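Dear colleague,

Here is the structure for your files. My notes on one helix and a few strands follow it.

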Amino acid sequence: MNYLELFPTILGETIISDISLNEVERYKIYLNNLEYEDNGTGNYRGTFNQQVLDEPIFSKLKAKILKYAKEYLKTQGIILEDIRIVNSWGTKTNIDERSLKHMHVNSYISGVYYLEESSNINFYNPLENKWMFNIIKEFKEDNSYTHTYKFYTPTTNSLVIFPSYLPHEIETSKKDSRKSISFNIIPIGSIGKNTAILEIK
Ligand SMILES: [Fe+2]
């Protein structure tokens, strides 16, 4: 029998190669000096500042993220007037800390930029909770039909972008002070037509 993969969930990933290691070090020092608080989805912390990408030090990074986010959407045939980063925050995860599985609400697409090698981020199959039966899978083989989650191992300057509805978690950190910047993006401008026009300024 042939099998077709219908409607895959798209994860965008890249290395932002034109941000130098010196710039990354400056980012780390800046993030180290921010204040953090528990963010409620595990025992790691997020910055009080929920707009860190608006700080001048991150202007180049912010422009790169927007460029890749537009490319990510265009690949899926989504052409928008523009997009906006509505929240962006630093996260700090110390040894033995992790995040719980969560999704990003009030957002269209989300992503994470990593300043260093980090513990995995695990993405869970959003279709699993559509089924009315909770059946334990016993496949030996791990492939796109069988797996219930996929992991991504971040490296320095890596960027991932994904739909905000996609459940994900940070695995337990094996080192102190793992840093990343997370962000949420919404479409802006004129969206849709006829009875479903939305204007977001
Ligand atoms: Fe998240």
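In which sense do β3 and β4 pair, and over how many bridges? Strand β3, residues 45-47, runs antiparallel to β4, and two bridges join them; strands count as paired if DSSP finds at least two bridges between them. In this pairing G46 sits opposite T91 of β4. β4 also pairs with β10, again in the antiparallel sense, over eleven bridges. There, I85 is opposite I185 in β10.

Two points on reading this. The model is predicted, with pLDDT of at least 70 needed for local features and 80 or more for side-chain atom pairs, while totals for chains, interfaces and linings use all residues. Residues are numbered from 1 along each chain as its sequence is written. Helices (H or I, at least four residues) and strands (E, at least two) are DSSP runs, numbered from the N terminus.

Helix α2 covers residues 59-75, 17 in number, and spans 25 Å from first C-alpha to last. That is close to the expected 24 Å (1.5 Å times one less than the number of residues).

Its buried residues are L61, I65, A69, Y72 and L73 (buried: 20 or more other C-beta atoms within 10 Å of the residue's own; exposed: 12 or fewer; C-beta atoms placed from the backbone). They lie on the same side of α2 because their arc around the axis is only 100 degrees, taken from the directions from the axis to the C-beta atoms. The buried residues pack against β1, β4, β5, β8 and β10, where contact means C-beta atoms within 7 Å. The opposite face carries exposed S59, A63, K67, E71, K74 and T75.

Regards

Key. Two residues are in contact if their C-beta atoms, placed from the backbone, lie within 7 Å.
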